[in-house]
Amino acid sequence: MSGPRILVGSDDGLRSFGADGGPISIDHLGRAVTALGPEYPDVWAILEGTEVWRTGEGGWSRRGAMNGLRANCFADTRAGYLVGTSEAHLYRVVDDGLEAVAPFERVDGRDAWYTPWGGPPDARSISEDTDVVLVNVHVGGIVRTLDQGVTWEPTIDIDADVHRVWALDGRVYAACARGLAVSEDRGDSWRVRDEGLHSTYCRGVAVCGETVLVSASNGPRGGGGDVYRGAGDGGPLERCRNGLPEWFDDNIDSPCVDALPDARVAAFGTSDGRVFVSADEGATWDEVASNLPGIHCVLLMP
């Protein structure tokens, strides 16, 4: 199968594969690559949870570092190239490093954000669609801006326990502990899809062509992990079976599921170092890599 590149961030470097699993390159050996983000045709990466790097004409360059915080995710948005961090902060990449997005600190309801274990919440994922930018806080729901980051407001109920947000073509998907939440109005209202799931605990979500893919398991500690697929506009979800194991022991985590929305290709990585790819919107899968160092994130690049 020819097609896009699969980038896999791991405990030991960033590995690039062809869609058939053929190796292309390895970067950042000896360092953990904990998050990836596109800025086509370039790529951003977080190393060791603290350093922000970007590709360019001269190869990789360090663009900034967190001071006492952990960088969790990025996205190229109308509000700038954003970095979400531990303690639920948001930063913007600027020429001389990173600057805090101050209005994000003043969003209504922020004082109620929490974690089940009592620690501070995280900014966990970021997505945008036309004029809306959405930041998923765990546990704090999904915060949005409609004015390029000047103001921010809450959307979904905090206790939906959102793990990943993905917005595309007027629809917002959120992988939650209660199922797959969907909004048709940029977060004003939500409905939950859980028909067909063996458990409502969802961690990852991605849109692939006309299909939405979501990973689910028995709970935070994993067990019964698998990927489901369904029509993007509604209906039941069905467990992906063709080419996959009966179950995965661990969660298929939020940043480890990715897809190219304008194509039929999707990929995900597992905590035990395997990578699976589908060229038909999740109907069938092939294992294209195994025995990799622990996988933190997967990114598909056209």
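In this predicted model, the side chain of Arg193 reaches out to the backbone oxygen of Gly235, at 3.0 Å. A second backbone oxygen, that of Gly234, is reached by the Arg193 side chain at 3.4 Å. Arg193 itself sits in strand β19, which covers residues 191-193. Here is the curious bit: Arg193 is buried, yet it has no salt bridge. The nearest side chain of opposite charge belongs to Asp233, and it is 6.2 Å away. Since a salt bridge needs the nitrogen and oxygen atoms within 4 Å, that pair doesn't make the cut, so Arg193 is left without a charged partner. Its surroundings include plenty of glycine: among the residues that Arg193 touches are Gly179, Gly230, Gly232, Gly234 and Gly235. Leu180, Val182, Val212 and Pro236 are also on the contact list of Arg193.

One of those neighbours, Gly230, is worth a look of its own. Gly230 belongs to strand β22, residues 226-231, and it counts as buried because its relative accessibility is 9%. Besides Arg193, Gly230 touches Glu210, Thr211, Val212, Pro236 and Leu237, leaving aside residues up to four places away in sequence. Its C-alpha atom is separated by 8.7 Å from that of Val214, a residue 16 positions apart along the chain.

Moving on to charged pairs that do meet, a search of the whole structure turns up 22 salt bridges. In one of them, Arg31 pairs with Glu51, with the closest N and O atoms 3.1 Å apart. That bridge links distant parts of the chain: Arg31 is in the loop between β3 and β4, while Glu51 is in strand β6, 20 residues apart. Arg31 is partly exposed, at 25% relative accessible area, whereas Glu51 is buried, at 15%. Glu51 also meets the side chain of Arg62 in a salt bridge, at 3.6 Å from N to O. Arg62 lies in strand β7, eleven residues apart from Glu51, and it is partly exposed with a relative accessible area of 48%. Another bridge brings together Asp253 and Arg124, at 3.2 Å. Asp253 is in the loop between β23 and β24 and Arg124 is in strand β12, so this bridge ties together parts that are 129 residues apart in sequence. Both ends are partly exposed, Asp253 at 24% and Arg124 at 23%. Shared partners join some of these bridges up: Arg31, Glu48, Glu51 and Arg62 form one network.

Aromatic rings pair up too, with nine such pairs in the structure. Phe74 and Tyr81 have ring centres 5.8 Å apart and planes at 65°, so they count as edge-to-face. Phe74 is buried, at 6% relative accessible area, and Tyr81 is buried with a value of 6%. Phe248 and Phe276 are edge-to-face as well, with 5.6 Å between centres and 80° between planes. Phe248 is in the loop between β23 and β24, and Phe276 is in strand β26, 28 residues apart. Both of these phenylalanines are buried. Ring pairs also link Phe248, Phe268, Phe276 and Trp285 into a cluster.

Finally, the cysteines: the structure holds zero disulfides. For Cys176, the nearest cysteine sulfur is that of Cys202, 7.6 Å away. Cys176 counts as buried, at 2% relative accessibility. Cys297 is in no disulfide either, its nearest cysteine sulfur being that of Cys256, 6.7 Å away. Cys297 is buried, with a relative accessible area of 1%.

Notes: Residues numbered from 1 in each chain as written. Predicted model: local features only at pLDDT ≥ 70, side-chain atom pairs only at ≥ 80, totals over all residues. Heavy atoms only, no water. Helix = DSSP H or I, 4+ residues; strand = E, 2+ residues; numbered from the N terminus. Buried < 20%, exposed > 50% of the residue type's maximum accessible area, 1.4 Å probe, protein only. Lys, Arg positive; Asp, Glu negative; His and termini not counted. Polar contact = N/O pair within 3.5 Å; in protein donor to acceptor, adjacent residues only side chain to side chain. Contact = heavy atoms within 4.5 Å. Disulfide = S-S within 2.5 Å. Phe/Tyr/Trp six-rings, centres within 6.5 Å; stacked < 30°, edge-to-face > 60°.
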